[in-house]
Amino acid sequence: MERRKSPHKPSKKATPENSRVKKKRRVKKTNIAKTALGGEPEKRSRSKTAPMKGEAKPRDLNVHVKTAKRREYGSTLWLKRQLNDPYVRKAKAEGYRSRAAYKLIELDEKFSFLKPGARIVDLGCAPGGWCQVAVKAVGKRGKVVGIDYLEVPSVAGVEILEMDFLDEEAPDRLKKMLVGSADVVLSDMAAPTTGHKATDHLRIVALAEAALDYAEDVLAPGGVFVSKVFAGGAEGQLLTRLKQNFAVVKHAKPKASRSDSAEKYVVATGFRGRS
Ligand SMILES: C[S@@+](CC[C@H](N)C(=O)[O-])C[C@H]1O[C@@H](n2cnc3c(N)ncnc32)[C@H](O)[C@@H]1O
C-alpha cells in the first residue's frame, strides 16, 4: 500500500519551486546575521558558565572584521586587533581604562615598587589605566599625580594635570601638586609615531630623558624610575645616567606588551639621591 504523505510535510525532493524558496531564505539569513561592524556574529550557543554579576559577557576571540567602504584598511586592522585582544577584553571586564594597566600590574609583580602609602608620579597618563592601578596600590595614605596633554577623565584619588610634559612649566607644576618628594616616577609617554624610524627613536629617547631629568629632581633616596623605552632598551647616555644614579637597572617586556611592538620598559630601583 502506498504511504500517504502528511499534508504538512513538504516533499524533500528538489523542485525548481522549492529550491528557489530555499535560496531566498538563505540570502535573508546572511543579511540578518551581519553585525554592526560588518563581521560575522558570534555563534549563538548557550554559555555553560554564565558571567558573574558585573562581569562583561565573554566574546569569542578571532572576531573577523570586514573591510568597509568608508573605513581605511589600517583602521580595519586596528579594530580587528582590538576585538581579538584578550587584554582589551580583560580591561573591559575588570573596569580598567586601558589594556596598558596590565603592563604596570606585571611590572609591579616582578619588581614590587607600588607600595601602600607611596607617592607616585605618572607621566603620560591618558586614558588613566596606570593611575587606576597606582591609586589602588598606594591606598588612602599614598598620593598619585599624573600628567598628559590629552584630557583624562577624572580618576578618584588622583590629581591630573592636562599639559605637555615638555612645556618648561610642567615639572614645577607637577612638583607643586606632589608637595614633597616622590617614591616612584612612572613614564609611559609615547609620541605618535611618524613612520620614520630614526625620528621616532629620537622622540622616544627625548621623552625618556626628560622623564629621567624630572625623576632625578623629585625622587627620594631609594626611589624607583620606570620608563617606556624601545628597541634595545635604554641605551647610550640614558643607560649611563641610570647606572650612575640607581643601584639596579633592569629591562622587562611584560606579556601585556604586544610581541610585535618594539616597546620595553626600564626599571631602575634604589635611587642614590641628588649629588
Ligand atoms: C601609551 S599612552 C599611556 C597609557 C597609560 N599608561 C594608561 O595606562 O592609560 C601614552 C601617553 O603619553 C602621552 N604623551 C606623549 N607625549 C607626552 C607629552 N610630551 N606630555 C604629556 N603626555 C604625553 C600621550 O598623550 C599618551 O596619552
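**Figure 1. Residue classes in the shell around the ligand.** The residues of this shell divide into 15 nonpolar, four polar and four charged. The model shown here and in the other views is predicted. There are 23 residues around the ligand, and Ala-100, Gly-124, Gly-129, Phe-165 and Asp-188 come nearest. Two elements, α5 (129-138) and β2 (143-148), give two or more residues to the shell.

**Figure 2. The chain as a whole.** Eight helices and seven strands make up the secondary structure of the chain. The chain has 275 residues, of which 29% count as buried. Among contacts in the chain with a separation of 6 or more, 61% are between residues 24 or more positions apart.

**Figure 3. Helix α5 and its surroundings.** Of the ten residues of α5, nine are buried, so the helix is largely enclosed by the rest of the structure. The buried residues are Gly-129, Trp-130, Cys-131, Gln-132, Val-133, Ala-134, Val-135, Ala-137 and Val-138. One of them, Gly-129, is also among the residues that come nearest the ligand. The elements against which the buried residues of α5 pack are helix α4 and the strands β1 (119-123), β2, β3 (158-162) and β4 (182-187). Gly-139 follows α5 and has a positive phi, near 70 degrees.

**Figure 4. Helix α4 and its cover.** Helix α4 spans residues 101-111, and its buried residues are Ala-101, Tyr-102, Lys-103, Leu-104 and Leu-107. The cover over these buried residues includes the helices α3 (86-94) and α5. Strands β5 (219-230), β6 (246-252) and β7 (263-271) are also included in that cover.

**Figure 5. Packing of α4 against α5.** The axes of α4 and α5 are 7 Å apart, and the two helices pack at an angle of about 40 degrees. This angle makes α4 oblique to α5. On the α4 side, the contact is made by Ala-101, Leu-104, Ile-105 and Asp-108. On the α5 side, Gly-129, Trp-130, Gln-132, Val-133 and Ala-137 take part. By class, the contact of α4 with α5 has six nonpolar, two polar and one charged residues. Ala-101 and Leu-104 of this contact are among the buried residues of α4.

**Figure 6. Packing of α7 against α8.** Helix α7 (residues 197-218) and helix α8 (residues 236-245) have axes 11 Å apart and pack at an angle of about 20 degrees. At this angle α7 is roughly parallel to α8. The crossing in which α7 passes α8 is left-handed. From α7, the contact is made by Val-205, Ala-208, Glu-209, Leu-212 and Glu-216. From α8, the residues in the contact are Leu-238, Arg-241 and Asn-245. Sorted by class, the contact of α7 with α8 has four nonpolar, one polar and three charged residues.

**Figure 7. The cis peptide bond before Pro-127.** Omega is near 5 degrees for the peptide bond from Ala-126 to Pro-127, which is cis. Pro-127 is found in the loop between β1 and α5.

**Figure 8. Ser-112, a residue with positive phi.** Ser-112 comes just after α4, in the loop that lies between α4 and β1. Phi of Ser-112 is positive, about 45 degrees, although the residue is not a glycine. Ser-112 counts as exposed because it has 10 C-beta neighbours inside 10 Å, and 12 or fewer is the limit for that class.

**Figure 9. Val-179, in the loop between α6 and β4.** The loop between α6 (170-178) and β4 holds Val-179. Val-179 is a residue other than glycine with a positive phi, near 50 degrees. With 9 other C-beta atoms within 10 Å, Val-179 is exposed.

**Figure 10. Asp-164 and its contacts.** Asp-164 lies in the loop between β3 and α6. The residue is exposed, with 11 other C-beta atoms within 10 Å. Leaving aside residues up to four places away in sequence, Asp-164 touches Tyr-149 and Ala-170. Asp-164 and Tyr-149 are 15 residues apart along the chain, and their C-alpha atoms are separated by 4.7 Å.

Notes:
Residues are numbered from 1 along each chain as its sequence is written. This is a predicted model: local features need pLDDT of at least 70, side-chain atom pairs count only at pLDDT 80 or more; totals for chains, interfaces and linings use all residues. A residue is near a molecule or strand if its C-beta atom, placed from the backbone, lies within 6 Å of it. Helices (H or I, at least four residues) and strands (E, at least two) are DSSP runs, numbered from the N terminus. Ala, Val, Leu, Ile, Met, Phe, Trp, Tyr, Cys and Pro count as nonpolar, Asp, Glu, Lys and Arg as charged, and the others, Gly among them, as polar. Axes are lines fitted to C-alpha atoms, for helices over the stretch in contact, and angles run from 0 to 180 degrees between N-to-C directions. Angles under 35 degrees count as roughly parallel, over 145 as roughly antiparallel, 65 to 115 as roughly perpendicular and the rest as oblique. A crossing is left-handed if the near helix is turned anticlockwise from the far one by less than a right angle, and right-handed if clockwise. Two residues are in contact if their C-beta atoms, placed from the backbone, lie within 7 Å. A residue is buried if 20 or more other C-beta atoms lie within 10 Å of its own, exposed if 12 or fewer, and partly exposed in between; C-beta atoms are placed from the backbone.
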